[in-house]
2 protein chains.
Amino acid sequence: MRKVYLDHAATTPLLPEVREAMLPYLGELFGNPSCLHDWGDAAREAMDTAREQVAELIGASADEIIFTGSGTESNNFAVKGLALAQQGRGKHIIVSAIEHFSVLHSAKTLEKWGFELSEVPVDRYGVVDPDEVRKRIRKDTVLVSVMHANGEAGTIESIPEIARITRENNISFHTDAIASAGTVPVNVKELGVDALSLAGNQFYGPKGVGALYIRQGVRVMPLLDGGVQEEGRRAGTENVPAIVGLGKAAELATKDMASRMKHLGYLRDRLLNELPARIDHAVITGHPENRLPGNASFCVQFIEGESMLMLLNSQGVAVTSGSACTSRALKASHVLIAMGLSHEIAQGSVLFTFGIDNTEKDVDYVLEVLPPIVEKLRQMSPLYAKFIKKGEGGA
Amino acid sequence: MRKVYLDHAATTPLLPEVREAMLPYLGELFGNPSCLHDWGDAAREAMDTAREQVAELIGASADEIIFTGSGTESNNFAVKGLALAQQGRGKHIIVSAIEHFSVLHSAKTLEKWGFELSEVPVDRYGVVDPDEVRKRIRKDTVLVSVMHANGEAGTIESIPEIARITRENNISFHTDAIASAGTVPVNVKELGVDALSLAGNQFYGPKGVGALYIRQGVRVMPLLDGGVQEEGRRAGTENVPAIVGLGKAAELATKDMASRMKHLGYLRDRLLNELPARIDHAVITGHPENRLPGNASFCVQFIEGESMLMLLNSQGVAVTSGSACTSRALKASHVLIAMGLSHEIAQGSVLFTFGIDNTEKDVDYVLEVLPPIVEKLRQMSPLYAKFIKKGEGGA
């Protein structure tokens, strides 16, 4: 059976070049970068190179990059660390309604710690209107966090416009660019943000490593206390092999981004364009133009996304329904609900995310196996039976 | 030149078997364990095995193991998470004076958040007297954290006795076993603790992964908010290759512990026994018997540890002065100061930590190169000149 992995939003495979770059650090070059001897020096030099590579990917300086253990850690660190560092000035924060749970739940934790939280709504395409951010700004607002792109809906937000507003109001601005950095152009200066999160496993780098960009001069309270690693801002022995892999992945992403985007965009469009002809009642979600090139998200009415992905899996196709981090929670996606979709439709969510190894044939295979799966599930769906009956009744 | 790595307290190399176990997860088996498809299933099954392996190493159940990104994260999670989960009952915590900074600084952060902190002193061998813990217990004490073994001094603490006291008083007890788990027998039931931290890179497993044992029924507040990974207690895409490596390292440690301990103990004793005959004014630190088998720590009077380790490095020997996490801070070790050593002596600290690949010849090489280094540094030391002069004056 054909095996087709279309769940790159959940995690990407390692590129062979990335794995090759990591291997020496899983072997002879095993030193702890904090150590003042040859083994430590070799590890530290490798980390310095990786820091330059990550900085270049996003147009930052190397000393503005802090390595973390995951994208989730970067988001927790940014949201809690920036808010706590400024709580003397005020205790109000603003986030969008479609943030990843690592931002949303960090904000909820801050609420427990005495902060007030405002959520900015999105339109039906998942777009945050910058004016809606402006409206929520108060004298005691110290942090705004709006994601650069949403991994589920694929929508890319108007970060530079939001940054203009936060800057005018002297408020820190963090953006979660985990779904976008390494995939589409992300430049911290053009975006105008104070902090930005990214993760290695989103662009063919390893799991277990992320980075947080913090603009020079911006104060952040550490999330992990301990040793003086990362200039005292993030304690813990550095995951050198993973950091080296992240650096290599960043270098390759910088070099190949344009051709990758073209390839992914072609596959996505081929799937989304063909879909309506093959499946009735399929609702494409996310923004029609401003979206991640590999993201094809849609809902199939009258059936459950979970069942669809189980049957797709039995045909060798890996996809997801909502974000990987929450797929085991089996709830309708908060992102789709915030976009105004009904629970009924949102439950039929299915997310195809393409990667650079996917081909046209993969798309054709999906277009071949998906319609009978949908048909089969609809035959078993009481909702569909009701809908058909209603249609007949009305006719 | 001979290359001799004697800094295993900073980090250990990966065992070839551990690396082999990890490699498939850096290749084909790259799935995200949260995903409901074949790629996700393979990753999840690998994690389940690793969880069993880690649980077996410390006598726990698999569902009492939470994977983290480092030992430092485990300690932050335990200290902050256990204290915050119980702050309704009281806001007083107790830690020993020789804890790793990931525990001490987490405790200081809790102080900023309104907790009160008591530090328990140690004797000259670095031993915490359980009665000193008992004396500090108050009605509002919610957490005691005392390490199982100190990575710098090598001293192993009387954890079961302290656990008896905390249990009598219905107080949570965490132990940092990062320096000891995988090296000496660590059994959570025999120790009687509620929480225990360990790290992969301390026993020939990978960097970037740690674990926190939390006894069944004990509540802990998450440090990383987000997805529902690790039963909702630790969010973030799991670092599958590193978790697999940690599991394999735990399995091998369980199997080979006795022979490893014998080998390390032999090397350590050979170095410590020969030392006084070769170097004047060398002060062996830590407990004479209750100590980690690979730990040979001592201070050389009248010289600085940093200079000693630089010159040792130029002879191919990697050692450290104090803990790796703080070696760049260039301060006298808080552990040695707490043990009552003067700043002058503590500055001459040097720490040799043996690993399973070290041989008798490595010890002989150190015994050959170290005395001339000490001699050379003493010739340049104003402190030593003063000491000699005083001796002559007194004669």
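These are my notebook entries on a few strands and helices that I looked up in this predicted model.

**Ground rules.** I number residues from 1 along each chain as its sequence is written, letter chains from A and number ligands from 1 in the order in which they are written. Since this is a predicted model, local features need pLDDT of at least 70 and side-chain atom pairs count only at pLDDT 80 or more, while totals for chains, interfaces and linings use all residues; side-chain values use heavy atoms, with hydrogens and water left out.

**Entry 1: strand β5 of chain A.** I began with β5(A), residues 141–145 (strands, E, of at least two residues and helices, H or I, of at least four are DSSP runs, numbered from the N terminus). Five of its five residues are buried (under 20% relative accessible area, with exposed over 50% and partly exposed in between, using a 1.4 Å probe and protein chains only), so β5(A) is largely enclosed by the rest of the structure. I then looked up its partners (two strands pair if DSSP finds at least two bridges between them). Strand β3(A), residues 92–96, runs parallel to β5(A) over four bridges, and A:His92 has A:Thr141 as its bridge partner. With β6(A), residues 172–176, β5(A) shares three bridges, again parallel; here A:Val144 is matched with A:Phe173. From β5(A) the chain passes through helix α6(A), residues 159–168, to β6(A) in a right-handed β-α-β crossover (with the strands pointing away from the viewer, the path from the first strand over the helix to the second runs clockwise).

**Entry 2: strand β10 of chain A.** Next I checked β10(A), residues 295–300, and found six of its six residues buried. A:Asn295, A:Ser297 and A:Cys299 point one way, and A:Ala296, A:Phe298 and A:Val300 the other way. That fits a handy rule: in a regular strand the side chains alternate between the two faces of the sheet. Strand β9(A), residues 282–284, joins β10(A) through three antiparallel bridges, with A:Ile284 partnered by A:Phe298. Five antiparallel bridges link β10(A) to β12(A), residues 349–353, where A:Ser297 stands opposite A:Leu351.

**Entry 3: a sheet in chain B.** I moved to chain B and found an open sheet of three strands, in the order β9-β10-β12, with antiparallel pairing. Its edge strands are β9(B), 282–284, and β12(B), 349–353, each of which pairs on one side only. Strands β9(B) and β10(B), residues 295–300, pair over three bridges, and B:Val283 stands opposite B:Cys299.
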